[in-house]
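Hello,

Here is the structure I said I would pass on. Please open it first, then read the notes below next to it.

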Amino acid sequence: MTLDKKAKAEALKKQKQLRRAMQSLPSGELFDPNYRRIQYCRYADDFIIAVIGSKEDSMVIKSDVKQFLEDSLKLTMSVEKTKITHCKDKARFLGYDITTNKIPSIKRDKNGILTRVGTGMIALYVPYEKWRDKLLDYNAMRINVVDGVES
């Protein structure tokens with residue numbers, strides 16, 4: 001092996017190590033105190049507000065929205081439906097459970113380079129009760145209860 005081939009092999013090995021180290025790090029500054037983002041989605045009289053920020057920011061937004069609804073629209077927010085949840089927990093909106101996908105999967109792109117995919121993306125889930133009841137309605141599933149345990 002010539003000197004150039006050895007240097008190239010060493011450089012490729014170092015590149016692989018650096019790429020692995022890079023893929024283990026988060027893609028952005030997670031704890032930047034000045035970074036804020038708000039997204040809002042409304043359907044009829046239901047709405048959800050997603051906040052990238054602190055819990056205090058979320059509480060301020062909640063109180064501002066409550067004040068606006070009371071003063072401008074003469075509406076009251078439902079205490080049992082109005083919640084502040086963390087992205088790891090599920091939030092129920094329009095019959096779906098909304099959460100963030102934190103599966104750190106690594107796949108190869110079209111050039112064969114390993115890249116992170118799917119982490120931090122929004123995921124919609126149909127709640128267990130809904131799809132179970134629908135399958136029971138269609139007689140596509142049967143539940144046997146033995147000693148108080150469904151099977």
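Leucine 124 is a good place to start, and it sits in strand E7. Please keep in mind that the model is predicted.

Is leucine 124 buried or exposed? Its relative accessibility is 53%. The cut-off for exposed is over 50%, so leucine 124 counts as exposed.

Leucine 124 is also one of the residues in a nonpolar surface patch of about 900 Å². The other members of the patch are Tyr43, Leu94, Tyr96, Ile122, Val126, Tyr128, Trp131 and Leu135. Which elements supply at least two residues each to the patch? They are strand E7, residues 121-125, and helix H3, residues 128-137. Helix H3 gives the largest share, with three residues.

Two loop residues are also worth a look.

The first to find is alanine 44, in the loop that runs between strand E1 (37-43) and strand E2 (46-52). Its phi is near 55°, which is a positive value in a residue other than glycine. Alanine 44 has a relative accessible area of 54%, so alanine 44 is exposed.

The other is lysine 74. Where is lysine 74 found? Look in the loop between helix H2 (55-72) and strand E3 (91-93). For lysine 74, too, phi is near 55°, a positive value, and the residue is not glycine. Lysine 74 counts as exposed because its relative accessibility is 67%, and the cut-off is over 50%.

Regards

Methods
Residues numbered from 1 in each chain as written. Predicted model: local features only at pLDDT ≥ 70, side-chain atom pairs only at ≥ 80, totals over all residues. Heavy atoms only, no water. Patch = residues over 30% accessible without salt bridge, like charges linked within 9 Å, V, L, I, M, F, W, Y side chains within 5 Å. Areas by Shrake-Rupley, 256 points an atom, 1.4 Å probe, with all protein chains shown as cover. Salt bridge = Lys/Arg side-chain N within 4 Å of Asp/Glu carboxyl O. Helix = DSSP H or I, 4+ residues; strand = E, 2+ residues; numbered from the N terminus. Buried < 20%, exposed > 50% of the residue type's maximum accessible area, 1.4 Å probe, protein only.
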